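Welcome! Take a moment to look over the model below, and then we will walk through its core, its pocket and one loop residue.

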Amino acid sequence: MVKDDLAALGITLAGELAEEAESAAAEPDQFDVLPENWDAVQIFLRCSCQWRYRGDGQREALDVQAVISVISLYQLPPAEQLERLDQVQLIELGAINFMNKPRN
């Protein structure tokens, strides 16, 4: 928890900052997923340990063969398999942009 980490350093939050820290700690990150995207999200999550990395340690892409293998487990018609791959690659792009952002 951020508040506990800051307290360990002798820093105490007050007022609005303290309220924001409490609120952030109390609520886990949640978001809605449209029903037509649910399978793609599940596939992406099942492939979450299949990242390829660049030489600098940044994520480059998911191993597409791993993604295709997971998609095949759903036994979908070929056109739907391609649609799921496209959806997963869109999720992947967003995830890469977020995960490779410099941290301060």
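The largest nonpolar core has 13 residues, and those touching the most other members are Ile43, Phe44, Cys47, Trp51, Leu62, Val67 and Val88. Helix H3 (38–46), helix H4 (64–73) and helix H5 (78–99) are the elements that each give two or more residues to this core. H5 provides the largest share, with 4 residues. Please keep in mind that this is a predicted model.

To see the core from one of its members, pick out Cys47. Leaving aside residues up to four places away in sequence, Cys47 touches Leu62, Ala66, Val67 and Val70.

Next comes the pocket. The largest one has a volume of about 240 Å³. Its lining is made up of Asp29, Phe31, Val33, Val41, Phe44, Ile91 and Phe98. H3 and H5 are the elements that give two or more residues to that lining. By type, the lining residues divide as follows.

| Type of lining residue | Number in the largest pocket |
|---|---|
| Nonpolar | 6 residues |
| Polar | no residues |
| Charged | 1 residue |

Phe44 is worth finding on the model, as Phe44 is listed among the core residues that touch the most other members and also lines the largest pocket.

Finally, turn to the loop between H4 and H5, where Gln75 lies. Most residues other than glycine have a negative phi. Gln75 has a phi near 50°, a positive value in a residue other than glycine. Is Gln75 buried or exposed? Gln75 counts as exposed because its relative accessibility is 71%, and exposed means over 50%.

Note on methods. Residues are numbered from 1 along each chain as its sequence is written. This is a predicted model: local features need pLDDT of at least 70, side-chain atom pairs count only at pLDDT 80 or more; totals for chains, interfaces and linings use all residues. Side-chain values use heavy atoms; hydrogens and water are left out. A nonpolar core is a set of buried Ala, Val, Leu, Ile, Met, Phe, Trp, Tyr and Cys residues joined through side-chain atoms within 4.5 Å. Buried means under 20% relative accessible area, exposed over 50%, partly exposed in between (1.4 Å probe, protein chains only). Contact means heavy atoms within 4.5 Å. On a 1 Å grid over the protein atoms alone, a cavity is a set of points where a 1.4 Å probe fits but cannot get out, and a pocket is an open set with protein on both sides within 12 Å along at least five of seven lines; lining residues have an atom within 4 Å of a point. Grid points are joined across faces, edges and corners, and a volume is the space filled by probe spheres set on the points. Ala, Val, Leu, Ile, Met, Phe, Trp, Tyr, Cys and Pro count as nonpolar, Asp, Glu, Lys and Arg as charged, and the others, Gly among them, as polar.
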